[in-house]
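Work through the following exercises with the sequence and the model open side by side. Each task is followed by a solution that goes step by step.

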Amino acid sequence: MTHVVTQACCADASCVVACPVNCIHPAPGEPGFAEAEMLYVDPAGCVDCGACVTACPVGAIQPHTSLTPAQEPFAELNASYFDVFAHEDRTPLALVPRQRRIRAAGPFRVAVIGAGPAGLYTADELLRHPEVVVDVFDRLPTPHGLVRAGVAPDHPSTRGVQDLFAAIEGQPGFRYVLGVEYGADVDLGWLRDRYHAVILATGASADRRLAIPGEDLPGSLSATQVVGWYNAHPDLASLDVPLNHERVVLVGNGNVALDVARILAQPAELLESTDIADHALAALRDSRVREVVVLGRRGPAEAAYTLPELVGLLGLAQTGAFDVEVDLGGAPLPEDQRGDVLRDLAALPTDPARRRIVLRFLTQPVRLLGEGRVTGVEVTRTRLVETEGRVIAEPTDEREVIEAGLVLRSVGYRALPVPELPFDERSHTVPHTDGRVRPGVYVSGWLKRGPQGFIGTNKSCAQETVSSLLDDLDAGDVPTPGRSAAELERDLRRLDHVDLSGWRAIDREERRRGAAQGRPRVRFTDTDTARGLSRTASRPRRAYPAGKPGRTPVLQSRT
């Protein structure tokens with residue numbers, strides 16, 4: 001028996017270190033590790049000890065005898081990796097480097113803005129240094145960012161990284177200041193007056209637009225909005241997602257597009273045991289959608305989805321949850337694992353009674369049609385042209401109309417300008433040097449590098465940013481905050497915020513409500529309710545100043 005990696009990697013590499021026979025690759029220090037979508041277990045070398053299972057923080061590794069039907073394609077995927085990359089030399093694992101110590105005298109207070117993966121990996125790196133204490137701020141009263149509000153509900157193992165986040169939250173020196181919005185409740189001057197350093201990890205919260213006529217019609221949404229809708233994001237709980245028609249068109253073929261297509265196409269009863277939002281589950285039960293068309297401007301070799309996501313789609317299609325049609329539009333199948341999976345998808349038997357997902361390549365939207373709301377999308381076929389070493393999609397004169405009652409764009413994310421920081425409008429990032437904007441102010445995550453990489457990519461990103469901060473502390477370049485630690489404590493008490501005990505109370509109640517229904521959790525969509533619950537578990541606070549209920553005025557800097 002062997003063990004199998006069954007999802008995209010979190011880049012923690014704990015499994016690699018735990019393996020006594022060094023059969024999990026690529027490993028840290030080996031070519032390809034930093035860019036790897038996932039790691040692989042060599043079935044010829046695995047001794048079935050199970051050490052990797054307990055080491056993996058997200059539960060991604062299973063014995064091959066325990067694989068579900070949807071996970072079975074991963075067994076062949078793991079084995080086929082070693083057919084191409086044998087790793088016969090079994091490169092020795094890199095030694096864990098000695099922990100760097102800060103030469104400057106502490107303690108140092110650091111504010112991290114953003115409680116998603118980037119912010120929490122950054123906090124983890126900071127807390128490796130006993131001289132540092134960290135306060136993590138977030139606009140919402142609940143943390144974990146896109147892991148909570150972006151991962152599809154039928155991917156519960158991916159959400160397992162929240163257990164790793166819980167371990168980070170439990171470290172000495174960690175504190176939450178949730179439900180406090182940067183730019184509205186506090187500003188950079190306020191933070192710099194109270195903390196030695198501020199690290200912004202606010203992500204890329206906006207989606208890219210198609211920039212075609214009709215895009216603003218009702219029935220035209222971003223896939224990002226729909227993801228938030230079915231994941232109970234408080235801002236999107238009341239979103240109008242019309243499903244009273246037979247076809248949805250998704251523009252873009254990355255992981256988010258496949259997630260949304262899969263959620264809309266599979267029978268609602270398959271989602272009843274997940275933590276999908278109640279309002280979304282009710283809408284999916286009544287859905288009349290029969291077909292979800294996923295448009296890719298280029299061919300399958302250039303598609304943005306990852307191999308694990310495509311393999312997951314194959315596994316679910318093999319169970320009969322839905323049919324998958326592959327329309328190449330004349331594009332060649334790549335001679336790699338992606339091509340093999342697409343070939344397997346196209347070969348599956350179909351059933352007219354099932355819903356279907358159409359993966360349609362070499363197709364570009366030209367305009368959305370409809371009066372008063374979307375009724376279809378006009379598309380053009382494209383052809384691939386190589387220019388200056390790049391493959392681009394060039395529109396042709398071949399056009400057609402695809403009728404649809406809902407069109408979703410999924411063509412990438414972009415960060416928004418951050419108050420009081422420089423911003424590059426072309427890359428939609430904050431200009432920096434290794435995460436340093438200037439001594440005392442830093443960035444991490446998608447705000448720093450753009451919307452690329454996986455959850456675990458934030459770990460190496462955080463390491464680089466924290467290293468820059470440590471360099472500045474050692475050089476004496478970080479200004480000393482104007483307010484003392486005692487004054488910070490007083491000022492934080494003025495904020496109507498959710499602390500760690502408050503978040504844990506929310507978490508417990510969501511899990512309790514879920515257990516009553518046989519589900520992982522039932523999440524709050526009303527932030528006032530969540531705040532009220534958190535207050536019963538948090539320390540007593542002073543009376544809040546008059547003004548907007550439950551909030552304080554913007555706390556500006558003294559300068």
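**Exercise 1.** Determine whether K448 is buried or exposed, and describe its salt bridge with E464.

Solution. K448 has a relative accessible area of 5%, so it is buried, where buried means under 20% relative accessible area, exposed over 50% and partly exposed in between, computed with a 1.4 Å probe on protein chains only. The model is predicted, so local features need pLDDT of at least 70 and side-chain atom pairs count only at pLDDT 80 or more, while totals for chains, interfaces and linings use all residues. Residues are numbered from 1 along each chain as its sequence is written, and side-chain values use heavy atoms, with hydrogens and water left out. The next step is the partner: E464 forms a salt bridge with K448, with the closest N and O atoms 2.7 Å apart, a salt bridge being a side-chain nitrogen of Lys or Arg within 4 Å of a carboxyl oxygen of Asp or Glu. Because E464 belongs to helix α14 (residues 457-475) and K448 to helix α13 (residues 446-449), the pair ties together parts that are 16 residues apart in sequence; helices here are DSSP runs of H or I with at least four residues, strands are runs of E with at least two, and both are numbered from the N terminus. E464, with a relative accessible area of 34%, is partly exposed.

**Exercise 2.** Place the salt bridges R175 to E489 and R360 to E400 in the fold, and state how many salt bridges the structure holds.

Solution. The structure holds 41 salt bridges. In one of them the side chains of R175 and E489 meet at 2.9 Å, N to O. Since R175 lies in strand β7 (residues 174-178) and E489 in helix α15 (residues 485-494), this pair ties together parts that are 314 residues apart in sequence. R175 counts as partly exposed at 22% relative accessibility, and E489 is partly exposed at 32%. The side chains of R360 and E400 meet at 2.4 Å, N to O. R360 is in strand β14 (residues 356-360) and E400 in strand β17 (residues 390-403), so the pair ties together parts that are 40 residues apart in sequence. R360 is buried, with a relative accessible area of 9%, whereas E400 is partly exposed at 34%. A network of salt bridges also links R148, D507, E510, R511 and R521.

**Exercise 3.** Describe the neighbours of strand β18 (residues 406-409) and the directions in which its residues point.

Solution. Strand β10 (residues 220-222) runs parallel to β18 and is joined to it by three bridges, two strands being paired if DSSP finds at least two bridges between them. In this pairing L221 stands opposite L408. Strand β11 (residues 247-251) also runs parallel to β18, with four bridges, and V248 stands opposite L406. L406 and L408 point one way from β18, V407 and R409 point the other way, and all are buried.

**Exercise 4.** Explain why helix α4 (residues 117-126) is described as largely enclosed, and characterise the packing of helix α3 against helix α11.

Solution. For α4, 10 of the 10 residues are buried, so the helix is largely enclosed by the rest of the structure; among them are Y121, D124 and E125. Helix α3 (residues 73-84) and helix α11 (residues 307-318) pack at an angle of about 145 degrees, with axes 9 Å apart; axes are lines fitted to C-alpha atoms, for helices over the stretch in contact, and angles run from 0 to 180 degrees between N-to-C directions. P73, F74 and L77 in α3 meet residues of α11 including L307, V311 and Q318, contact meaning heavy atoms within 4.5 Å.
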